[in-house]
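Got a minute to look inside a protein? Here's a quick briefing on an empty space and on one helix.

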Amino acid sequence: MDRLEAFKVGLTTWSKWVDSNVDPRTTQVYFQGISPTHYDGRQWNGSISATCKGETTPLNGTTYPGGLPPAVDVVKQVLKNMSKGVTLLDITTLSLLRKDGHPSVYFGKEGNDCSHWCLAGVPDSWNEILYALLTNAQGGTLV
């Protein structure tokens, strides 16, 4: 089965469960968007052999030269078709711009991990966004 199709099937199954079982009067549902990888330097105008390894600075600007991963469209389509409201924590573009945020820079000559994130780092930004959404939803007070 195609990986993207499998993702859509799984996400649709989850969305049906949420629509059938969640009471929006008592429960808020947040869905974290796609966490990207940085294995192909051509996506940020780097060389064909570039990966995140050795990257030490984020990209400048607010758009990613390589565009969004196809899974982003799947997430948005599935969430749009849900009957219950789900807040998308859209961390994709923010994370795409952080090609420097992966642990490969610390691996020396061995290893190349461009899919996980360093702590402290990019995931802390995701948490800050979630915290802002939660406190804003409660009138400025997290309960």
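Helix 2 (residues 70–80) gives the most to the lining of the largest cavity: three residues come from it. Keep in mind that this is a predicted model. Below, we start with that cavity and then move on to helix 1.

**The cavity**
- If you go hunting for enclosed spaces of 30 Å³ or more, you'll find one cavity in this structure.
- The largest cavity has about 40 Å³ of space in it.
- Its lining is made up of Gly-33, Ile-34, Val-72, Val-75, Lys-76, Leu-88, Asp-90 and Thr-92.
- Sort the lining of the largest cavity by class and you get four nonpolar residues, two polar ones and two charged ones.
- How do you spot such a space at all? Rolling a probe the size of a water molecule over the atoms shows where empty space is left.

**Helix 1: its length**
- Helix 1 covers residues 3–21, so to speak a run of 19 residues.
- From its first C-alpha to its last, helix 1 reaches 27 Å, close to the 27 Å expected at 1.5 Å a residue.

**Helix 1: its two sides**
- Leu-11, Ser-15, Val-18 and Asp-19 are the buried residues of helix 1.
- These buried residues sit on the same side of helix 1, because they cover an arc of only 90 degrees around the axis.
- Flip to the other side of helix 1, and you'll meet Thr-13, Lys-16, Trp-17 and Ser-20, which are exposed.
- What do the buried residues of helix 1 pack against? Their partners are strand 1 (29–32), helix 2 and strand 2 (86–89).

Notes. Residues are numbered from 1 along each chain as its sequence is written. This is a predicted model: local features need pLDDT of at least 70, side-chain atom pairs count only at pLDDT 80 or more; totals for chains, interfaces and linings use all residues. Side-chain values use heavy atoms; hydrogens and water are left out. On a 1 Å grid over the protein atoms alone, a cavity is a set of points where a 1.4 Å probe fits but cannot get out, and a pocket is an open set with protein on both sides within 12 Å along at least five of seven lines; lining residues have an atom within 4 Å of a point. Grid points are joined across faces, edges and corners, and a volume is the space filled by probe spheres set on the points. Helices (H or I, at least four residues) and strands (E, at least two) are DSSP runs, numbered from the N terminus. Ala, Val, Leu, Ile, Met, Phe, Trp, Tyr, Cys and Pro count as nonpolar, Asp, Glu, Lys and Arg as charged, and the others, Gly among them, as polar. The expected span of a helix is 1.5 Å times one less than its number of residues. Buried means under 20% relative accessible area, exposed over 50%, partly exposed in between (1.4 Å probe, protein chains only). The arc is that of the directions from the helix axis to the C-beta atoms. Contact means heavy atoms within 4.5 Å.
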